[in-house]
Amino acid sequence: MSLASEKCEACAAGAPSVEGAERAALLADLPGWSVVDEDSEPKLERVFKFKNFVEALAFTQRVGEAAEEQNHHPALLTEWGRVTVRWWTHKIRNLHKNDFVMAARTDELA
């Protein structure tokens, strides 16, 4: 089963974060993604490139719709020819497995 097809689980404060070897293994399945530290919180980030703003905006819309379906929302920065996507779990201020699942789904939407 691919990471993108895994189910996202409801996540509450106190849910376990993904750390160490588990984080490294999940990240290895997501080429192009990296873990960045922003505001003392780890976040999954990838920049997607497009031919123009219209394509970038359409991708942003697809990611937004997928996020809304799962009630799990990323930070999206849409610019001419590129979209930066950052996934993390707000409630735990860290990375949860859902973030890796949604990153894999984001790849499929590109």
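Here is a walk through the structure above, from its overall layout down to a few single residues. Keep in mind that the model is predicted.

Let's start with the overall layout. The protein contains three helices and four strands, and if you follow the chain from its start you meet them in the pattern α-β-β-α-β-β-α. The radius of gyration is 13 Å, close to the 13 Å that the globule rule gives for 110 residues, so this protein is as compact as a globular protein of that length. Along the principal axes, its C-alpha atoms fill a box of roughly 40 × 25 × 25 Å.

Now for what's inside and what's outside. Of the 110 residues, 42% are buried. The protein exposes about 6200 Å², and carbon and sulfur atoms supply 51% of that. How do parts of the chain meet? Take the contacts between residues at least 6 apart in sequence: 66% of them join residues at least 24 apart.

Next come the charges. There are 13 positive and 18 negative side chains, and the centres of the two sets lie 2 Å apart. Some of these charges pair up: a salt bridge needs a side-chain nitrogen of Lys or Arg within 4 Å of a carboxyl oxygen of Asp or Glu, and by that rule the count is seven.

Here's one to look for: Glu 45 and Arg 86 meet in a salt bridge, 2.5 Å from N to O. Glu 45 sits in strand E2 (residues 41–49) and Arg 86 in strand E4 (residues 82–87), so the pair ties together parts that are 41 residues apart in sequence. Glu 45 is buried, with a relative accessible area of 17%, while Arg 86 counts as partly exposed at 23%.

Another bridge links Glu 79 to Arg 82, with the closest N and O atoms 3.1 Å apart. Both ends are partly exposed: Glu 79 has 31% relative accessibility, and Arg 82 has 31% too. Shared partners also build something bigger than a pair, since salt bridges join Glu 38, Lys 43, Glu 45 and Arg 86 into one network.

Then there's the bridge between Glu 19 and Arg 23, where the closest N and O atoms are 3.7 Å apart. Glu 19 is partly exposed, at 42% relative accessible area, whereas Arg 23 is buried, at 16%.

Which side chain of opposite charge is nearest to Arg 105? That would be Glu 108, but it is 6.3 Å away, and Arg 105 has no salt bridge even though it is buried. You'll find Arg 105 in helix H3 (residues 97–109). Leaving aside its neighbours within four places in sequence, Arg 105 is in contact with Ala 4, Ser 5, Glu 6, Lys 7, Cys 8 and Gln 70.

Finally, take a look at the backbone. Most residues other than glycine have a negative phi. Against that background, two residues are worth finding. Asp 39 has a phi near 55°, a positive value in a residue other than glycine. Asp 39 is in the loop between strand E1 (34–38) and E2, and it counts as exposed, at 59% relative accessibility. Arg 93 also has a positive phi, near 55°, and its place is the loop between E4 and H3.

Note on methods: Residues are numbered from 1 along each chain as its sequence is written. This is a predicted model: local features need pLDDT of at least 70, side-chain atom pairs count only at pLDDT 80 or more; totals for chains, interfaces and linings use all residues. Side-chain values use heavy atoms; hydrogens and water are left out. Buried means under 20% relative accessible area, exposed over 50%, partly exposed in between (1.4 Å probe, protein chains only). Helices (H or I, at least four residues) and strands (E, at least two) are DSSP runs, numbered from the N terminus. The radius of gyration is taken over C-alpha atoms; the globule rule is 2.2 Å times the number of residues to the power 0.38. Contact means heavy atoms within 4.5 Å. Accessible areas come from the Shrake-Rupley method with a 1.4 Å probe; for residues, only the protein chains shown count as cover. Lys and Arg count as positive and Asp and Glu as negative; His and the chain ends are not counted. The place of a charge is taken as NZ of Lys, CZ of Arg, CG of Asp or CD of Glu.
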